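Here are some notes to help you find your way around, written for a first look. Keep the viewer open and follow the points one by one.

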Amino acid sequence: MEKHNMQTEAPHPGTHLPAGYGPPYPPAAFQGPPEHTGYPGPQAGYQGPQAGYQWPQAGYQGPQAGYQGPQGAYPGPQAGYPVPPGGYAGAGPGGFPVQSQPVYSQSGGPAGAPWMPAPPPPLNCPPGLEYLVQIDQILVHQQIELLEVLTGFETNNKYEIKNSLGQRVYFAVEDNDCCTRNCCGAARPFTMKILDNMGREVIALERPLRCSSCCFPCCLQEIEIQAPPGVPVGYVTQTWHPCLPKFTLQNEKKEDVLRVTGPCVVCSCCSDIDFEIKSLDEESLVGKISKQWSGFVREAFTDADNFGIQFPLDLDVKMKAVMLGACFLIDFMFFEKTGNEEQRSGVW
């Protein structure tokens, strides 16, 4: 009964408002598109505000700064914060900028070239060498160290190892101390750690301290290849020759498998330097290790080198890893010389 009386006493028909309250948007004052004729009013069945409802007073300015909304902790935008326009390329929801996050590789370092997808490991393949099964070419790119360029202070070498598509297969880093690097120079012994895309050490190269002159054939250069680390899979040993740089690739039992022969003069301008990989009788060409020309500036002011290794696709993965070790040994013996070492002759 009270409800009926409240509706009949409403001074504005169709608004269902209590006596003494005018409609907030009178029909005559409604401004809208041409197709609208006036304030549409409440929908059928709307009962109006409940008893005791307090309408906002005149001059209400909306929520104050620091309004605790449904989230309970959002303080609202700070005063003076410039909101980018809606078309801003870096804007997120609501027009606010979203800061891009750096991308990291799975090994923990900044991501560079995309990693080669890991193929399924074949039978009797050392873990980590399955990447070499499906490729017949390796690119080895040494990274430029800014400290070494500016000061001549020898730092640990770092290399990216990629396939022919430019995908990173491994990342190699030298593990050596400061005294050994700067006192022994390019003839220094070292341990080279080769990591896969998960940051796991899958190959280790061990180079002992050996003689750096062809006048002492009893103590020539060599390097041991381990895959996984601690398990030898092959060796690269220098073969004495009065004129040519020559090496022998051996398996884990130190049995000769292949031979490597370089040019008489390991120096070239604007062209590659090839070290040919041949059969034991040196009649058949199996592959090659090429020191690639990197440009005059890089060649003149840094010792960062680029290499390419080519081998048969069906070659044993262990021998592919041995060829990779031979590439690092050749780099240190002939192309790592900087500063005063550039005035010396070849180390073979």
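1. Let us begin with a cysteine. Cys-327 counts as buried because its relative accessibility is 1%, and buried means under 20%. Please keep in mind throughout that this is a predicted model.

2. A second cysteine is worth a visit. Cys-125 is also buried, because its relative accessible area of 15% lies under the 20% limit. As for disulfides, a search of the whole structure finds 0. For anyone new to the term, a disulfide is a covalent bond between the sulfur atoms of two cysteines.

3. Now for the overall fold. How many strands close into the barrel? There are 12, following one another in the order β1-β2-β3-β4-β5-β6-β7-β8-β9-β10-β11-β12, and their pairing is antiparallel. On average, neighbouring strands of this sheet are turned by 20° against each other, direction ignored.

4. Helix α5, which covers residues 317–335, packs on the sheet. Among the strands that α5 touches are β1, β4 (190–195), β7 (232–239) and β12. Its direction makes about 150° with that of β8 (246–251).

5. Where do β1 and β12 meet? Strand β1 (residues 137–142) and strand β12 (residues 306–310) run antiparallel and are joined by 5 bridges. To find this seam on screen, look for Leu-139, which stands opposite Gly-308 in β12. As background, strands of a sheet pair through backbone hydrogen bonds, either parallel or antiparallel.

6. Next, follow the neighbours β9, β10 and β11. Strands β9 and β10 run antiparallel with 3 bridges between them, and Val-260 has Ile-277 in β10 as its bridge partner. Between β10 and β11, also antiparallel, there are 6 bridges; here Lys-278 stands opposite Leu-285 in β11.

7. The hairpin of β10 and β11 deserves a pause. It has 6 residues between the strands, and Glu-282 takes a positive phi near 60° there.

8. Finally, please look at Asp-196, in the loop between β4 and β5. Is Asp-196 buried or exposed? It is buried, because its relative accessible area is 0%, where buried means under 20%. The side chain of Asp-196 reaches the backbone nitrogen of Met-198 at 3.1 Å. That side chain also makes a polar contact with the side chain of Arg-200, at 2.9 Å.

Notes
Residues are numbered from 1 along each chain as its sequence is written. This is a predicted model: local features need pLDDT of at least 70, side-chain atom pairs count only at pLDDT 80 or more; totals for chains, interfaces and linings use all residues. Side-chain values use heavy atoms; hydrogens and water are left out. Two strands pair if DSSP finds at least two bridges between them. Helices (H or I, at least four residues) and strands (E, at least two) are DSSP runs, numbered from the N terminus. Axes are lines fitted to C-alpha atoms, for helices over the stretch in contact, and angles run from 0 to 180 degrees between N-to-C directions. Contact means heavy atoms within 4.5 Å. A disulfide is a pair of cysteine sulfur atoms within 2.5 Å. Buried means under 20% relative accessible area, exposed over 50%, partly exposed in between (1.4 Å probe, protein chains only). A polar contact is a pair of N or O atoms within 3.5 Å; within protein, one must be able to donate a hydrogen and the other to accept it, and residues adjacent in sequence count only if both atoms are side-chain atoms.
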